[in-house]
Amino acid sequence: MSSTELTNYFNAICEFRQLHPVQKNMPLRTNDPEMISIGNALNRLKIHLQQQYQEINNIPLTIKVSRGIVNLPNVLYACILPPGQLVRNGIYTALCFDVLGRGALIGCVESKVTSKGLTTVQRKNGHGLLSIDVDGGSERTKYNNVFVNPKEFYYPLNNSAILDKHIHESIKVSLALLNI
């Protein structure tokens, strides 16, 4: 699988968010024809990650991407889940895209909805500004402080080798934390 593909998907998602930044009280409807492109980009990213990360050390992994029922989520993401883990309740690797399209925050995370008590990096306190911001509109979707090993990747991404390496390392961290 070509690293160029990962770079293209990363950049396409950032470009979408640059054209459609998160704005308070201005949700993007999933049935809007303009939203088809982001759904396609997220699905292609999912397929790429499934091919790239089917398993590690004979441990199968699954990929979930953000979806919206009526509204597009503020924070677009792809999660690489070890066995038995769910986005709403687990320890896994996440690629969370900045709300303004400046890049993504990537690393091992604990679920925001069901905290696992991991030692995470406190990236944001109060209303401070971050160069990559992955906080959504509600308490349940504020992801800046759920990362164990956060690393920022900026748009435009020109080479995905460091990104691939960090994803791989983050998967290994999640497996170690789960004792798998």
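I take a pocket to be an open set of grid points where a 1.4 Å probe fits, with protein on both sides within 12 Å along at least five of seven lines. The model I examined is predicted.

**Entry 1. Largest pocket**

I looked up the largest pocket and recorded about 530 Å³ of space in it. Its lining comprises 27 residues, and I noted Tyr77, Val87, Val113, Arg140 and Tyr143 as the closest to its centre. I then asked which elements give two or more residues to this lining. They are E4, E5 and strand E6, the last spanning 103-110. Sorted by class, the lining of the largest pocket holds 14 nonpolar, 7 polar and 6 charged residues.

**Entry 2. Second largest pocket**

For the second largest pocket I recorded a volume of about 350 Å³. I counted 17 lining residues, and those nearest the centre are Lys124, Gly126, Asp133, Asp135 and Lys142. By class, I entered 4 nonpolar, 6 polar and 7 charged residues for the lining of the second largest pocket.

**Entry 3. Cys79**

I turned next to strand E4, residues 77-81, where Cys79 is found. Is Cys79 buried or exposed? Its relative accessible area is 2%, and because the limit for buried is under 20%, I entered Cys79 as buried. Setting aside residues up to four places away in sequence, I listed its contacts as Thr62, Ile63, Lys64, Val87, Tyr92, Thr93 and Ala94. One of these, Ala94, lies 15 residues from Cys79 in sequence, yet the C-alpha to C-alpha distance is 4.4 Å. Val87, also among the contacts of Cys79, is one of the residues I had noted as closest to the centre of the largest pocket.

**Entry 4. Strands E5, E6 and E7**

I examined the pairing of E6 on each side. With E5, E6 pairs in the antiparallel sense over 7 bridges. Within this pairing I noted Leu105 in E6 as the bridge partner of Cys96. The hairpin of E5 and E6 has 5 residues between the strands, and Gly101 there takes a positive phi near 80 degrees. With strand E7, residues 151-154, E6 also pairs in the antiparallel sense, here over 4 bridges. Gly103 has Tyr154 in E7 as its bridge partner. I then asked how many residues of E6 are buried. The count is 8 of 8, and I therefore entered E6 as mostly covered, taking buried as under 20% relative accessible area.

**Entry 5. Aromatic pair**

I searched for aromatic pairs and found 1 in the structure. The rings of Phe10 and Phe97 have centres 5.5 Å apart and planes at 55 degrees, so I classed the pair as tilted. Which elements does the pair link? Phe10 belongs to helix H1 (residues 3-19) and Phe97 to strand E5 (residues 91-97), so that distant parts of the chain, 87 residues apart, are brought into one pair. I checked burial as well, and both Phe10 and Phe97 are buried.

**Entry 6. Ser160**

I located Ser160 in the loop between E7 and helix H3, the helix covering 161-177. Its relative accessibility is 0%, so Ser160 counts as buried. Where are its contacts, once neighbours within four places in sequence are left aside? I listed Ser3, Leu6 and Thr7.

Note on methods. Residues are numbered from 1 along each chain as its sequence is written. This is a predicted model: local features need pLDDT of at least 70, side-chain atom pairs count only at pLDDT 80 or more; totals for chains, interfaces and linings use all residues. Side-chain values use heavy atoms; hydrogens and water are left out. Buried means under 20% relative accessible area, exposed over 50%, partly exposed in between (1.4 Å probe, protein chains only). Contact means heavy atoms within 4.5 Å. Rings of Phe, Tyr and Trp (its six-membered ring) pair if their centres lie within 6.5 Å; planes under 30 degrees apart count as stacked, over 60 as edge-to-face and the rest as tilted. On a 1 Å grid over the protein atoms alone, a cavity is a set of points where a 1.4 Å probe fits but cannot get out, and a pocket is an open set with protein on both sides within 12 Å along at least five of seven lines; lining residues have an atom within 4 Å of a point. Grid points are joined across faces, edges and corners, and a volume is the space filled by probe spheres set on the points. Ala, Val, Leu, Ile, Met, Phe, Trp, Tyr, Cys and Pro count as nonpolar, Asp, Glu, Lys and Arg as charged, and the others, Gly among them, as polar. Two strands pair if DSSP finds at least two bridges between them.
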